[in-house]
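Colleague: Could you take me on a close look at the pockets of this model, and at what surrounds them? I work at the bench, so plain words are welcome.

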Amino acid sequence: MINGYFIFVLVTVVGFFLLDVCSRMLNLSALKPELPAEFADVFDAEEYSKSQDYTREGTRFGLIEDTYSLVIFLAFWWLGGFGWLDALVRSYVPDNEIIQGLLLMASLYVGSMLVGLPFELYDTFVIEEKFGFNKTTLATFIMDKLKGIMLAVILGGPILALVLYLFQQFGPNAWLYGWIAVSGFSLLMMYLAPTYIMPLFNKFKPLEDGEL
């Protein structure tokens, strides 16, 4: 049924998509293969042209991916996919709303990951490989995905369960407590992420002394 909330969400989602498309098209139109004269002694002309080609191809591929994702989201929404998934989860866990919420979000997370997986594979092993930026093997790619899922369960699960609990207990004021909890978690992650989480996916070393 179409109501005010439906129209608001639809306009917001499509509006942000169109705004993103416009910004990317403007960026594409501003790309020039020739190296500006004022940077002639800073950049290599061939490398500069290659960077423009890389940006152009990545941007166009991103537009295709975002369009596909939007179509999938709207189709799933309009066909009642969210209601169907919610009913399916509730049929397995009928008496615990927090676990129901966790299972629902986990299902959406896995579904979103699977939808985007072909694009991520193409971006990593075709586009990045084409321009010499890919350092990832298929085994590393799979391991990174598994690490991401593990972190989503270990870190995302508890904070989501807490937010669901707050909404279950505090009614109209739950948004405030939820905001405090999520804000505190975000601040904590600003410390934890670069120290403990990002090194799980990338290797870091101090920048050596020398000219920039």
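**A close look at the pockets**

Modeller: Happy to. With 51% relative accessibility, serine 112 counts as exposed, because the exposed class starts over 50%. Please keep in mind that this is a predicted model. Serine 112 has its place in helix α4. From its C-alpha to that of lysine 50 the distance is 32 Å, and the two are 62 residues apart in sequence.

Serine 112 is a good way into the pockets. The largest pocket has a volume of about 390 Å³. Its lining is made by 15 residues, and the closest to the centre of this pocket are Ile72, Leu108, Gly111, Ser112 and Val115. So which elements build the lining of the largest pocket, if we ask for those that give two or more residues? They are α2, α3 (81-92) and α4 (97-130). Helix α4 supplies the largest share, with nine residues. Sorted by class, the lining of the largest pocket holds nine nonpolar residues, five polar ones and one charged.

Now to the second largest pocket, which encloses about 300 Å³ of space. Here the full lining can be named: Leu102, Met105, Ala106, Tyr109, Val110, Ile149, Ala152, Val153, Gly156, Gly157 and Leu160. Two or more of these residues come from each of α4 and α5 (138-170). Helix α5 gives the largest share of this lining, six residues. Nonpolar residues number nine in the lining of the second largest pocket, polar residues two, and there are no charged residues. Helix α4 therefore appears in both lists: it gives two or more residues to the lining of the largest pocket, and two or more to that of the second largest pocket.One residue of the second lining merits a visit of its own. Gly157 is among the residues that line the second largest pocket, and glycine 157 lies in helix α5. Is glycine 157 buried, partly exposed or exposed? At 21% relative accessibility, glycine 157 counts as partly exposed, because buried means under 20%. Leaving aside residues up to four places away in sequence, glycine 157 touches Leu102 and Ala152. Leu102 and Ala152 are also named in the lining of the second largest pocket. For a sense of distance, the C-alpha atoms of glycine 157 and leucine 35 are separated by 48 Å, with their positions 122 residues apart along the chain.

Helix α2, which gives two or more residues to the lining of the largest pocket, also has a packing partner. Helix α1 (residues 4-30) and helix α2 (residues 45-78) pack at an angle of about 170 degrees, and their axes are 10 Å apart. Because that angle is over 145 degrees, α1 counts as roughly antiparallel to α2. On the α1 side, the contact includes Phe6, Val9, Leu10, Val13 and Phe17. On the α2 side, Leu63, Leu70, Phe73, Leu74, Trp77 and Trp78 are among the residues that take part. By class, the residues of this contact divide into 14 nonpolar, three polar and five charged.

Leucine 18 also lies in helix α1. Its relative accessibility is 47%, which means that leucine 18 counts as partly exposed. The C-alpha atoms of leucine 18 and threonine 67 are 9.8 Å apart in space, while the two residues are 49 apart in sequence. Thr67 is one of the α2 residues in the contact with α1.

Methods. Residues are numbered from 1 along each chain as its sequence is written. This is a predicted model: local features need pLDDT of at least 70, side-chain atom pairs count only at pLDDT 80 or more; totals for chains, interfaces and linings use all residues. Side-chain values use heavy atoms; hydrogens and water are left out. Axes are lines fitted to C-alpha atoms, for helices over the stretch in contact, and angles run from 0 to 180 degrees between N-to-C directions. Helices (H or I, at least four residues) and strands (E, at least two) are DSSP runs, numbered from the N terminus. Angles under 35 degrees count as roughly parallel, over 145 as roughly antiparallel, 65 to 115 as roughly perpendicular and the rest as oblique. Contact means heavy atoms within 4.5 Å. Ala, Val, Leu, Ile, Met, Phe, Trp, Tyr, Cys and Pro count as nonpolar, Asp, Glu, Lys and Arg as charged, and the others, Gly among them, as polar. On a 1 Å grid over the protein atoms alone, a cavity is a set of points where a 1.4 Å probe fits but cannot get out, and a pocket is an open set with protein on both sides within 12 Å along at least five of seven lines; lining residues have an atom within 4 Å of a point. Grid points are joined across faces, edges and corners, and a volume is the space filled by probe spheres set on the points. Buried means under 20% relative accessible area, exposed over 50%, partly exposed in between (1.4 Å probe, protein chains only).
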